[in-house]
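The following exercises are to be worked through with the sequence and the structure at hand. Each task is followed by a solution in steps.

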Amino acid sequence: MSDHTSVTIVMIEDDEGHARLIEKNIRRAGVNNEIKPFTTGASALEFLLGADGTGMQHAGETLLILLDLNLPDMAGTDILQQIKQSAGLKLAPVVVLTTTEDRREIQRCYDLGCNVYITKPMDYEHFGQAIRQLGLFFSVIQVPEAGRV
Amino acid sequence: MVYRAVSITLPIIRSRIPIQVALLVAGFAVLATMSLTSLWLAHESDRASEYVAHTLEVNATIVTYQGALRRAESGERGFLLTGEAAYLNDYAIGQRRLGELQVDLERLIADNPQQQAKLQDVLPLVRQKMEKLATTIALKQQGRNDEAIAITKSGAGLDLMNRILAQILAMLNDERSLLHERQEYADRTNLLLFAVNFAGGLIITILALASISLIRKRSHQLAQAHAELEQANRGLEERVAERTADLREANDEIQRFAFIVSHDLRSPLVNIMGFTSELEALENEIFSDAEITPEQREMQRKEVAEALGFIKTSIGKMDRLIKAILNLSRAGRREFHPQPVSLDSLIKSLTGDVTHRLQEIGGQIDLGPIPDIVSDRLALEQIFSNLIDNAIKYRRDDRPVQIKIDSEERGNFIIVRVADNGRGIEKRDYERIFELFRRAGAQDRPGEGIGLAHVRALVRRLGGSIRVDSIFGQGTTFAVILPKQWIAVA
C-alpha cells in the first residue's frame with residue numbers, strides 16, 4: 001500500500017472547460033494530487049497502456065482514472081474496456097464522468113468494471129458538490145498499486 | 001429507408017357464368033322439346049292404337065255381318081229341306097242381326113268414304129238376297145215346294161251370294177290394308193318416340209359433361225387464385241417485416257441522434273453554467289471592500305478572463321452545433337427529384353474540382369467506367385464530393401494520395417467504390433464514423449463530424465446503403481450501393 005498523496009489522477013476529458021471545472025473543484029476539495037490531463041482517448045491509452053498495451057510500465061504507481069465517455073476519437077466504453085482488460089491497470093479505479101443519463105449506457109459501464117459513474121449535472125452547484133465529494137472520496141480510499149494481481 | 005411499391009395482381013376469373021347459364025338453358029330447352037315431342041308422339045301412338053282397334057272392330061263387324069247373312073241363308077235352306085219352323089227362327093235371327101249390324105257398320109265406317117261406297121254397293125245385293133230368301137220361304141209356307149226349290153236351283157241366289165261375298169272380301173281386304181298401314185304408323189311413332197328420347201338423353205348427357213368439365217375448370221382456377229392470393233399474402237408479410245426492420249433501424253437512428261444531440265448540446269451548457277457560477281463566486285471577491293494586492297488583482301483578472309473565454313467558446317460551439325443540425329434538417333426536407341444522371345461525368349467533374357489540390361499535395365485519382373442511373377443529381381454530388389474530400393483529407397502524409405473509383409452492377413443496383421490509401425479506420429469505429437458529430441482516429445484534421453452522417457442519410461433517402469471496409473494504416477474503401485432506377489416516394 002502506498003500513501004494516497006502519491007496517487008496520480010489521470011483525467012481523460014476532451015472538453016477543456018470541463019477539465020478546468022473538474023480540476024478547480026478537486027483542488028477546492030483540498031486534493032492536491034498530480035492531475036494528468038488528456039483530451040483524446042488515443043493519447044490517454046498510449047500513456048496508460050504503453051507501447052506493449054499491458055500497462056505494466058506503471059507498476060508500483062497508483063493511478064486513479066477520470067474518464068469522459070464522449071470523446072471525439074473513440075468511444076469511452078472502448079477505453080474503459082481496454083483499461084479493465086489490461087494486466088497492469090485492471091485494478092485501477094475508474095470514475096466515469098459524462099453528461100449521459102442513458103440507463104443502458106450506465107449499466108454497460110458498470111458491467112465493464114467502472115467503479116463510480118457520475119453524470120455531469122446542468123446544475124453547477126451539484127456538479128461542484130459531486131466533484132468535491134469525489135475529491136473527499138479520493139482522500140480516504142486506498143488505491144491499489146498498478147501491476148498488482 | 002427504402003420504399004418499394006407493393007403490387008398484388010389478383011387473378012381475374014373471366015366470366016364463365018354466361019356459358020354455364022347457356023348450357024343450363026340449352027339443357028332445359030332440350031328437355032322441354034323432348035317432353036313436348038314425347039307427349040305428342042305418345043298421343044299419336046295412342047291415336048294409332050285407337051285406329052288399329054277401330055279397324056279391327058270394323059273387320060269383326062264385317063265378318064259378323066257376313067255370318068248373319070249366312071245364318072239367314074242357312075235358316076232358309078233348313079226350312080226348305082225340313083219344313084221345320086225352328087229353322088225359320090235362325091232365319092229371323094240372321095235377318096234381325098243383318099239390320100243391326102248394318103247400322104253398326106254404317107256408323108263405324110262413317111269416316112271412310114271408300115268403304116261407305118263399297119257398303120252402298122253391297123246393300124242392294126243383300127236386299128235382293130233377303131227378298132229372294134223371303135220369297136222362297138213364303139212359297140214353302142204356301143206349300144209350293146217345287147217352285148221354291150226351282151228358285152234355289154236357278155243358281156241366281158248362289159250367284160248373288162258370291163257377288164256379296166266378293167264385295168265383302170274386298171271390304172275386308174281394304175280394312176286389312178288399312179290395319180297394316182295403321183300398325184306401321186303406330187310402329188313408326190313408337191320408334192320415333194324412342195329415337196327422340198334417346199337423342200334427348202344423349203344431348204343432356206353431353207351438356208351435363210360439358211357443365212361438369214366447366215365446373216372442374218372453374219374450381220381449378222379458383223384453387224389457383226386462392227394459392228396465388230396466399231402467396232401474395234406471404235409476400236405482404238415479408239414486406240411488412242422488411243418495413244418494420246427499416247422503421248426499427250430509423251427509430252434506433254433517431255434515438256442515437258437525440259442522444260448525441262442532447263449530449264453535445266449539454267456539454268457546452270455545463271461549461272456555461274459552471275463558469276457562470278465561478279464568475280458569481282469571483283464577483284463577491286472583486287466587489288468586496290477588502291484590500292487586495294496587485295498580484296491578487298492580476299489573479300482575479302486572469303480567472304475572469306478564463307471564465308469568460310470558456311463561456312464564449314461554449315456559446316460559439318452551441319451555435320455551430322445548432323447550425324449544423326438546422327442544415328441537416330434542411331437537407332432532410334429538400335425534395336429529391338429522380339432524373340437520368342451520367343454518374344461517370346458527375347464524378348469526373350467532382351474529381352476535376354480537386355485536381356489542383358491534389359497537384360499541390362501530390363496524388364491522383366483513377367476512374368473506372370460508371371453506368372448511368374436515375375437518381376437525384378444534387379444528392380449524388382454531395383455524397384461523392386464528401387467521400388472524395390474525406391479520401392484526401394485523411395491521407396497519410398508519408399505517401400502520395402491514390403484514389404480509385406470504380407463500379408459494379410448487381411441486379412437492380414450499382415455499387416460505386418471509393419478506395420483510398422489513407423490512414424484507414426479501425427474496425428470498432430466502422431459505425432461511429434457515420435454518427436453525427438462523431439469522428440474517429442487522431443483528431444488532427446479540422447471537422448465537425450457531420451460529413452459521413454450526411455452521406456449516409458442521403459444514400460438511404462436514395463434507396464441505397466453505404467458500407468465501409470478498411471485496413472488500418474493502409475486505406476479505406478467506401479461502397480455506395482444505389483438502385484439503378486430510383487423512384488421518389490411521396
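**Exercise 1: The sheet of chain A**

A:Val10 has A:Ile65 as its bridge partner in β3(A). The model is predicted: local features need pLDDT of at least 70, side-chain atom pairs count only at pLDDT 80 or more, and totals for chains, interfaces and linings use all residues. Residues are numbered from 1 along each chain as its sequence is written, and chains are lettered from A and ligands numbered from 1 in the order in which they are written.

Task: Starting from this pair, determine in which order the strands of the open sheet lie.

Step 1. Strands β1 (residues 8–12) and β3 (residues 63–68) of chain A run parallel and are joined by five bridges; two strands pair if DSSP finds at least two bridges between them. Strands are DSSP runs of E with at least two residues, helices runs of H or I with at least four, numbered from the N terminus.

Step 2. The open sheet has five strands in the order β2-β1-β3-β4-β5 (chain A), with parallel pairing. Its edge strands, each paired on one side only, are β2 (35–38) and β5 (116–119) of chain A.

Step 3. Helix α3 (residues 76–85) of chain A packs on the sheet and touches β1, β3 and β4 (94–98) of chain A. The directions of α3 and β3(A) make about 160 degrees, where angles run from 0 to 180 degrees between N-to-C directions and axes are lines fitted to C-alpha atoms, for helices over the stretch in contact.

**Exercise 2: The nonpolar cores**

Task: State how many residues the largest nonpolar core has, and which helix gives the most to it.

Step 1. A nonpolar core is a set of buried Ala, Val, Leu, Ile, Met, Phe, Trp, Tyr and Cys residues joined through C-beta atoms within 7 Å; buried means that 20 or more other C-beta atoms lie within 10 Å of the residue's own, with C-beta atoms placed from the backbone.

Step 2. The largest core has 77 residues, and A:Val10, A:Ile65 and A:Leu67 are among those with the most contacts inside it. Helix α8 (residues 377–393) of chain B gives the most, seven residues.

Step 3. A second, separate core of 20 residues includes B:Ile62 and B:Val122.

**Exercise 3: Two helices of chain B**

Task: Describe how α8(B) packs with α9(B).

Step 1. The axes of α8(B) and α9 (residues 451–461) of chain B lie 9 Å apart, at an angle of about 145 degrees.

Step 2. Residues of α8(B) that meet α9(B) include B:Ile383 and B:Leu387; on α9(B), B:Val455 and B:Leu458 are among the residues met.

Terms used: Buried ≥ 20, exposed ≤ 12 C-beta atoms within 10 Å, placed from the backbone. Contact = placed C-beta atoms within 7 Å.
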